[in-house]
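Colleague: I'm new to this one, so could you walk me through it and tell me how you reach each label?

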Amino acid sequence: MPAYLAALVLALCPVLVLTRLIVLRRSGTHAMHFGSMDNKDFLIPPFALVYFYVVFADAFGWPLVGSEPFFTSAAIDWIGVAFCFAGLAMVVLSLVAFGTSFRVGIDTERPDKLVTSGVFAVSRNPIYVGFGLVLLGEFLVFPTWIPLIYLLAGVWLFNRQVLREEAFMRGHYGREYAEYCGRVRRYL
């Protein structure tokens with residue numbers, strides 16, 4: 001059961017983001033700016049698809065190379081599921097708090113207002129925290145070398161994107177952003 005729940009959470013994350021993008025697009029907001037600042041970002045989706053296969057293969061018994069777990073524990077499986085759902089909740093709260101300011105990538109031409117309320121009053125990057133919690137939970141449920149590598153790579157990629165976004169926001173929002181940074185931590 002934990003494996004199915006973890007796979008469900010992983011499937012829901014991109015569905016939520018894509019749904020939000022579609023809703024924003026229908027209301028006239030172009031929110032997809034992925035890869036506009038760095039074409040190397042387009043290397044990420046193929047690796048993400050491999051990750052999805054690894055998780056679903058492990059959950060549903062599909063063929064998978066190198067799937068010998070580091071450890072086996074029902075308790076850790078359920079802790080992993082809890083991390084997955086906590087991460088999913090953080091993603092949902094982020095999308096709600098973003099309102100029409102949500103973007104995938106950095107919108108240098110039409111940035112919206114700085115969001116500092118809701119879950120953004122606790123973390124400056126709650127959506128990345130949420131995705132990180134999901135990756136951690138997935139690793140705890142599927143403790144093999146592939147999810148571990150993806151967890152480490154995901155944390156690195158999230159931090160890389162956060163640093164890019166912070167540089168843009170410092171320049172665009174100036175003092176308002178600096179004050180926000182003084183009040184709220186980057187992650188948790």
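Modeller: Sure, and keep in mind that this is a predicted model. Let's start with the second largest pocket: its lining residues divide into eight nonpolar, four polar and two charged.

Colleague: What makes a residue part of the lining of the second largest pocket?

Modeller: A lining residue has an atom within 4 Å of a pocket point. In the second largest pocket 14 residues line the space, and P69, D77, V141, F142 and P143 lie nearest its centre. The elements giving two or more residues to that lining are α1 (2-26) and α3 (74-98). As for volume, the second largest pocket comes to about 200 Å³.

Colleague: Why is C84 called buried or exposed?

Modeller: Buried means under 20% relative accessible area. C84 has 0%, so C84 counts as buried.

Colleague: And what makes C181 partly exposed?

Modeller: C181 has a relative accessible area of 27%. Partly exposed runs between the 20% and 50% cut-offs, so C181 gets that label.

Colleague: How do you know that C84 has no disulfide with C13?

Modeller: A disulfide needs the two sulfur atoms within 2.5 Å. The closest cysteine sulfur to that of C84 is in C13, 8.3 Å away, so it is too far for a bond. The count of disulfides by this rule is zero.

Colleague: Which residues does UniProt call "transmembrane region"?

Modeller: The unreviewed UniProt entry gives that annotation to 6-23, 43-66, 78-102, 114-136 and 142-159. In the model, residues 78-102 are 84% helix and 0% strand, with end C-alpha atoms 31 Å apart. Residues 114-136 are 48% helix and 0% strand, and their end C-alpha atoms lie 28 Å apart.

Technical notes. Residues numbered from 1 in each chain as written. Predicted model: local features only at pLDDT ≥ 70, side-chain atom pairs only at ≥ 80, totals over all residues. Heavy atoms only, no water. Buried < 20%, exposed > 50% of the residue type's maximum accessible area, 1.4 Å probe, protein only. 1 Å grid on protein atoms, 1.4 Å probe; cavity = no way out; pocket = protein on both sides within 12 Å on 5 of 7 lines; lining within 4 Å. Points joined across faces, edges and corners; volume = space filled by probe spheres on them. Helix = DSSP H or I, 4+ residues; strand = E, 2+ residues; numbered from the N terminus. Nonpolar A, V, L, I, M, F, W, Y, C, P; charged D, E, K, R; others polar. UniProt positions renumbered as here; feature names shortened; annotations may be inferred.
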